[in-house]
Amino acid sequence: MAESEGFPLAEPGLWVERVGGRSFPAGRPGLFLDRDGTINVDTGYPDDPAAMVLRDHIAPVIAAANEHGIPVVVVSNQSGIARGYFGWDAFARVNGRVLDLLAEQNAFVDMVLACAYHDAGSGPLAIADHPMRKPNPGMLLEAGRRLGLDLRRSLIVGDKPADMEAGRRAGLRRGWLVDGEVSTMDGLSVSPLRDAADLEGLLAAIRSL
Ligand SMILES: [Mg+2]
């Protein structure tokens, strides 16, 4: 696969990239974040770095985790690759832009995982319900293994129920759902992320880890 040359692919449909040089002792909880619709405005299968815009108030969440020694992990479904809308090269450019925009606000990600598998695809990426694709927990478990995370104490922030479900299946206890409602999903308690008070709650949870 010529297009994958030089990219951090653990397998054809799985990007696993360690970012930055920060090191963490084993047993830390992590802050997991979905990307599209959570960190950046979701433009629908984004493939243009120039079009990327951060959502309001997400950089301070990541910066708070940085400040408290909490590893920050992005876990992103990218079925646009399986569907043939764009390739890993476009993903790399878009993701690099998102990380640059965060860095401009002193917010830094420590690991990025992205899953391209989807049954609507063709070729080696055409796999239904792949263990790495959310709502399955594979990306969280892989990051947990690589960074030695305490998953039970880890937090997840996302904009879709599948993000919360992936957290639940990985053994997390707390999640924040953009524009969501308060709910409990069999062991995972979900808080909404809608307004300044919700944001304060998330920041307080990060600071108390
Ligand atoms: Mg999303």
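Helices and strands here are runs assigned by DSSP and numbered from the N terminus, with helices of at least four residues and strands of at least two. That's the naming used in the views below, and the model itself is a predicted one.

**View 1. The whole protein, before we zoom in.** Six helices and nine strands make up the secondary structure. From end to end along its principal axes, the C-alpha trace covers about 45 × 35 × 35 Å. The radius of gyration is 16 Å, which agrees with the value near 17 Å for a compact globule of 209 residues. Among those 209 residues, 52% count as buried. Contacts between residues 24 or more positions apart make up 65% of those with a separation of 6 or more. As for charge, there are 21 positive and 28 negative side chains, with the centres of the two sets 6 Å apart.

**View 2. The magnesium ion and its three aspartates.** Here D34 (OD), D36 (O) and D159 (OD) coordinate the magnesium ion at 2.2 Å. Follow the chain and you'll find these donors spaced as D-x1-D-x122-D. Buried means under 20% relative accessible area. D34, at 5%, is therefore buried, and so is D36, at 11%.

**View 3. S76 and its surroundings.** S76 sits in strand β4, which runs over residues 72–77. With a relative accessibility of just 1%, this serine counts as buried. Setting aside neighbours within four places in sequence, its contacts are R35, D36, L113, A114, C115, K134 and M139. D36 should ring a bell: its O atom is one of the magnesium donors. K134 is 58 residues away from S76 in sequence, yet their C-alpha atoms are 8.1 Å apart in space.

**View 4. A cis bond on the way to α4.** Most peptide bonds are trans. The one joining K134 and P135 is cis, with omega at about 15°. P135 belongs to the loop between β5 and α4.

**View 5. Helix α4, mostly under cover.** Seven of the ten residues in α4 are buried. They are G138, M139, L140, E142, A143, G144 and L147. M139 also turned up in View 3, as a contact of S76. What do the buried residues of α4 pack against? Their partners are the strands β2 (14–18), β3 (31–33), β4, β5 (111–115) and β6, along with helix α5. After the helix comes G148, with a positive phi near 65°.

**View 6. Helix α5 and its partners.** Next up is α5, made of residues 161–169, where D163, M164, E165, A166 and G167 are buried. Those buried residues pack against helix α4 (138–147) and the strands β6 (155–158), β7 (174–178), β8 (183–185) and β9 (188–193). Like α4, which is followed by G148 with its positive phi, α5 is followed by a glycine with positive phi: G171, near 95°.

**View 7. Two loop residues with positive phi.** Most residues other than glycine have a negative phi. H57 has a positive one, near 70°, and it's found in the loop between β3 and α1 (58–67). Is H57 buried or exposed? Its relative accessible area is 54%, so H57 is exposed. D186 also has a positive phi, near 45°, and its place is the loop between β8 and β9. With 66% relative accessibility, D186 counts as exposed too.

Key. Residues numbered from 1 in each chain as written. Predicted model: local features only at pLDDT ≥ 70, side-chain atom pairs only at ≥ 80, totals over all residues. Heavy atoms only, no water. Rg over C-alpha atoms; globule rule 2.2 N^0.38 Å. Buried < 20%, exposed > 50% of the residue type's maximum accessible area, 1.4 Å probe, protein only. Contact = heavy atoms within 4.5 Å. Lys, Arg positive; Asp, Glu negative; His and termini not counted. Charge placed at Lys NZ, Arg CZ, Asp CG, Glu CD. Donors = N, O, S within 2.8 Å, 3.2 Å for Na, K, Ca; no water.
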